[in-house]
4 protein chains.
Amino acid sequence: MPTRTGPEGMHQGRTGRPRSPEADAAILAATRQALVELGWSKLTMGDVAARAGVAKTTLYRRWPSRNELVVDAVAVLFDELRLPDLGSLPADVESVVRQFGALLERPEAKTALMAVIAEATRDDALRRRIRTAIVDRQKHLVVAGRERAQERGEIPPPPDPAAAARDTDLIFDVVAGAVVHRTLVSAEPVDGDWARRLTQLVLTGLTAQRAPAGAAATARPTAPAPAQGPQEPRAADAGS
Amino acid sequence: MPTRTGPEGMHQGRTGRPRSPEADAAILAATRQALVELGWSKLTMGDVAARAGVAKTTLYRRWPSRNELVVDAVAVLFDELRLPDLGSLPADVESVVRQFGALLERPEAKTALMAVIAEATRDDALRRRIRTAIVDRQKHLVVAGRERAQERGEIPPPPDPAAAARDTDLIFDVVAGAVVHRTLVSAEPVDGDWARRLTQLVLTGLTAQRAPAGAAATARPTAPAPAQGPQEPRAADAGS
Amino acid sequence: MPTRTGPEGMHQGRTGRPRSPEADAAILAATRQALVELGWSKLTMGDVAARAGVAKTTLYRRWPSRNELVVDAVAVLFDELRLPDLGSLPADVESVVRQFGALLERPEAKTALMAVIAEATRDDALRRRIRTAIVDRQKHLVVAGRERAQERGEIPPPPDPAAAARDTDLIFDVVAGAVVHRTLVSAEPVDGDWARRLTQLVLTGLTAQRAPAGAAATARPTAPAPAQGPQEPRAADAGS
Amino acid sequence: MPTRTGPEGMHQGRTGRPRSPEADAAILAATRQALVELGWSKLTMGDVAARAGVAKTTLYRRWPSRNELVVDAVAVLFDELRLPDLGSLPADVESVVRQFGALLERPEAKTALMAVIAEATRDDALRRRIRTAIVDRQKHLVVAGRERAQERGEIPPPPDPAAAARDTDLIFDVVAGAVVHRTLVSAEPVDGDWARRLTQLVLTGLTAQRAPAGAAATARPTAPAPAQGPQEPRAADAGS
DNA sequence: GCGTAAGCGAGACGGTACGTCAGGTCTTTTG
DNA sequence: CAAAAGACCTGACGTACCGTCTCGCTTACGC
């Protein structure tokens with residue numbers, strides 16, 4: 001676990017009454033509870049303070065606003081995600097997919113995650129906080145999974161580090177995105193069958209993509225297409 | 001374009017002064033503009049009304065709340081998505097991926113979409129509205145793409161309708177989810193390279209999955225799929 | 001009864017559909033009913049229209065505003081006041097006092113009267129309407145009472161018209177004011193005893209005032225007025 | 001001046017930031033000013049708050065509604081009424097009459113008083129507030145005037161306390177009612193002449209009423225009238 | 001008998017104010 | 001000095017009425 005999040009990062013100063021550490025825990029728990037019961041838009045600072053048995057001032061002394069408070073409150077949920085060692089890459093991946101799906105079924109996670117991402121489209125500081133508190137935790141799983149699979153010999157070592165990074169990013173977007181989309185937009189559960197099919201799609205897609213060598217298989221980005229028609233129009237009509 | 005959305009669905013009754021149709025257009029335009037300038041959390045009904053040159057009550061007479069208003073305002077953006085006929089399935093898919101990515105770069109779309117999805121986790125009526133106004137429009141593209149590819153002979157007809165529906169759902173969650181995640185969470189652009197790699201991953205993954213020979217249910221990625229070539233030599237390395 | 005009030009005074013134009021006369025009655029009745037149930041400040045035009053089974057426009061076509069509508073609605077109540085002939089001035093006066101008191105016990109009268117008077121402090125047109133529709137009806141009783149008493153010989157003819165007018169005004173203010181104040185401010189009922197004592201106070205006070213011999217202008221109450229008897233022996237102790 | 005009114009009576013609790021006392025004064029002053037400029041029906045809470053340089057919430061924290069605020073704002077005006085010692089009862093009474101008349105010429109007093117009384121016909125709490133804040137202040141003058149006149153020997157001590165109370169009430173209703181009626185309904189000024197005539201009427205009327213002894217003077221409620229005609233019908237026709 | 005001008009119910013319209021609520025800040029007393 | 005309590009200002013909320021304005025009728029008069 002990198003950089004522990006903590007309420008405010010820096011505040012210390014060694015004099016005066018020290019901040020109560022129970023208060024922190026109580027506030028975060030109260031925030032999660034309020035999130036479950038009320039949802040994002042109905043959650044209020046005053047309500048959280050009351051549930052935590054704490055004054056509103058104490059909240060503001062530790063978190064600059066509702067958004068960062070919620071990020072921190074929700075972040076701990078993502079600590080629960082574990083990369084198990086089930087012996088094969090597909091099994092490991094499928095496990096993570098199901099864990100992630102289960103996490104997003106929980107109301108406090110599902111509500112908070114999207115709301116906070118929505119806010120972050122306008123607020124860079126918030127985006128950074130989300131990245132360190134949540135996204136990096138998930139990405140770490142992808143990296144760890146790759147390494148373990150390489151050790152097992154399931155996948156070859158990456159030809160160069162840049163390609164590896166690109167692959168990691170793609171896998172991460174595909175897996176996390178698909179789970180989020182299924183859970184929140186399609187509103188369907190991430191059950192065993194779906195998790196297995198997603199895992200399969202991603203792993204075969206990725207392996208085939210990397211393997212093709214001389215096969216007729218897929219794209220050959222180096223060799224320009226003979227007559228693929230106008231490419232630019234494609235970009236152009238994307239806006240029409 | 002099926003089922004036109006309309007502000008309130010049902011309200012008519014032939015007596016009394018009819019609702020001004022210009023007001024509708026002005027309000028939706030004002031909503032999009034406010035969304036760009038202020039973002040979701042700063043957008044207020046009063047502000048939208050003022051921009052539209054309309055009374056606040058007129059807004060509330062037509063939309064029960066900010067959420068549904070924003071859904072309707074943003075929904076038209078998704079009408080722009082087109083499935084072009086570029087001659088091959090990968091090219092068509094890649095085009096849609098890029099269109100969708102470009103759409104989500106637009107601030108009014110990105111902000112609104114996530115916020116509204118977040119709210120929908122607590123509000124079934126809102127979820128339904130999102131589904132009919134936005135999601136179904138996108139899903140339609142997947143269905144149409146499948147059909148066209150079948151006509152071209154790029155993919156075989158589905159063995160049974162249930163399997164086809166499951167595949168459609170999976171593809172939809174994977175593609176839409178990945179684009180959304182990359183744009184909003186990873187905050188990276190959907191450029192030509194990424195779009196191509198995503199397309200390739202999904203299409204090869206899917207094809208391989210359907211032809212798994214006698215292989216074990218869970219793919220064995222070590223043994224590369226024997227002949228997954230049939231997508232024809234496609235060599236587009238189009239644009240930037 | 002002089003000048004019938006009528007909704008709008010002038011509206012004529014002999015062509016077109018004539019205004020429904022039932023509507024007038026229904027509206028005024030609805031206004032009184034709403035006044036009883038809701039009080040002045042909660043009474044709304046829309047509510048009156050609904051009770052009367054009439055469109056809001058119909059109200060506005062006939063009365064310029066709530067104030068004048070209420071004045072007209074309440075004015076008819078004051079038509080009920082009668083000057084009976086009970087044979088003596090005190091008995092007649094006492095009767096009127098009690099009638100007026102009874103009228104002001106009725107919620108629609110009490111609420112409306114004061115509210116409308118309050119509004120009239122800022123609105124001369126409204127003040128005129130009140131005067132013609134309500135006040136003059138009451139003042140007429142005072143004038144009639146004087147004349148009858150003179151015919152009976154109970155009081156001497158006025159030395160000059162100006163003095164008579166001054167007396168009329170004073171009596172009117174004292175009697176009406178006292179009844180209103182007792183009913184609305186003191187919130188005590190106008191019962192038989194109180195009515196008799198008020199009547200007596202006014203009549204003796206007035207008679208003595210007119211006959212002050214050579215006494216100082218400002219009465220010297222220590223020296224009881226020498227002969228203020230001429231009101232005749234009236235011994236009614238009627239009453240509840 | 002007993003029982004200070006205060007905004008809300010009870011609220012304290014010794015912890016937390018105390019309510020600003022300047023705010024109270026500023027709000028009441030702003031209310032009176034707004035009343036003068038706008039009149040009762042145009043006075044709004046928001047406007048008062050703005051004039052007082054205070055938030056709307058601060059008003060609502062202290063007064064439950066416009067009505068009670070206005071009562072308190074206007075009440076202080078009635079503190080100005082003084083019972084001077086001019087040496088004789090008539091002179092003292094006349095002075096109070098003129099003071100009261102002058103008070104009711106002031107727009108903030110005249111508008112507010114009637115409006116608030118009108119509202120009170122539906123609201124017992126408001127009626128109580130008016131009584132303690134305004135009416136009792138005036139009544140005190142009547143009581144004090146009686147006592148002083150007795151000390152001077154101008155009027156005899158009351159035969160029994162009940163009679164004294166009844167007299168006080170009657171005088172109060174007559175004097176206050178007459179002044180109010182002349183000012184607000186008749187819309188005539190309370191000038192020296194009118195004040196003198198009212199004073200005289202009340203004092204002589206009252207003295208004579210009490211004095212009559214064996215004189216033929218006024219009512220002899222003990223001795224039933226010889227032929228006073230039907231009393232009951234009087235009560236009956238009061239309702240017709 | 002027929003056109004036409006006004007009345008009529010309905011209900012949308014641009015407004016204003018409502019009374020409440022939440023956000024953050026600030027000022028007390030208590031620990 | 002921090003914490004709790006709670007007053008404070010700000011500003012948006014969603015609602016209720018206002019008085020006006022179309023609508024599509026209906027109704028009586030006067031040609």
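**Entry 1. DNA strand F**

I began with the atoms of DNA strand F that lie within 4 Å of the protein: 64% of these belong to sugar or phosphate, and the rest to bases. I note here that the model is a predicted one.

I then listed the protein residues around DNA strand F. There are 41 of them, and the closest are Y60(B), Y60(C), A55(D), T58(D) and R62(D). By class, I recorded eleven nonpolar, 17 polar and 13 charged residues on the surface near this strand.

Next I looked up individual contacts with the phosphates of DNA strand F. In chain C, a polar side-chain atom of Y60(C) is 2.5 Å from a phosphate oxygen. In chain D, a side-chain N or O atom of T58(D) lies 2.6 Å from a phosphate oxygen of the strand. For R62(D), I found a side-chain N or O atom 2.5 Å from a phosphate oxygen.

I also asked which elements supply at least two residues each to the surface near DNA strand F. They are α3 of chain A, α2 (45-52) and α3 of chain B, α2 (45-52) and α3 of chain C, and α3 of chain D.

**Entry 2. DNA strand E**

I turned to DNA strand E, which has 45 residues around it; T58(B), R62(B), T58(C), R62(C) and Y60(D) come nearest. Of the strand E atoms within 4 Å of the protein, 64% are from sugar or phosphate, and bases account for the rest. The surface near DNA strand E comprises eleven nonpolar, 21 polar and 13 charged residues.

I looked up one contact with a base: a polar side-chain atom of K56(A) lies 3.0 Å from a base oxygen of DNA strand E. Two further contacts involve phosphate. A polar backbone atom of A55(C) is 2.9 Å from a phosphate oxygen of the strand, and a polar side-chain atom of T58(C) is 2.6 Å from a phosphate oxygen. I noted that the elements giving two or more residues to this surface include α2 (45-52) and α3 (56-62) of chain A, and α3 (56-62) of chain C.

**Entry 3. A187 in chains B and D**

Finally, I checked a backbone angle. Phi of A187(B) is near 60°, a positive value in a residue other than glycine. I placed A187(B) in the loop between α8 (161-185) and α9 (192-210) of chain B. Its relative accessibility is 34%, so I entered A187(B) as partly exposed.

For A187(D), phi is likewise positive, near 60°. This residue lies in the loop between α8 (161-186) and α9 (192-210) of chain D. With 34% relative accessibility, A187(D) counts as partly exposed.

Definitions and conventions:
Residues are numbered from 1 along each chain as its sequence is written. Chains are lettered from A and ligands numbered from 1 in the order in which they are written. This is a predicted model: local features need pLDDT of at least 70, side-chain atom pairs count only at pLDDT 80 or more; totals for chains, interfaces and linings use all residues. Side-chain values use heavy atoms; hydrogens and water are left out. A residue is near a molecule or strand if one of its heavy atoms lies within 4 Å of it. A polar contact is a pair of N or O atoms within 3.5 Å; within protein, one must be able to donate a hydrogen and the other to accept it, and residues adjacent in sequence count only if both atoms are side-chain atoms. Helices (H or I, at least four residues) and strands (E, at least two) are DSSP runs, numbered from the N terminus. Ala, Val, Leu, Ile, Met, Phe, Trp, Tyr, Cys and Pro count as nonpolar, Asp, Glu, Lys and Arg as charged, and the others, Gly among them, as polar. Buried means under 20% relative accessible area, exposed over 50%, partly exposed in between (1.4 Å probe, protein chains only).
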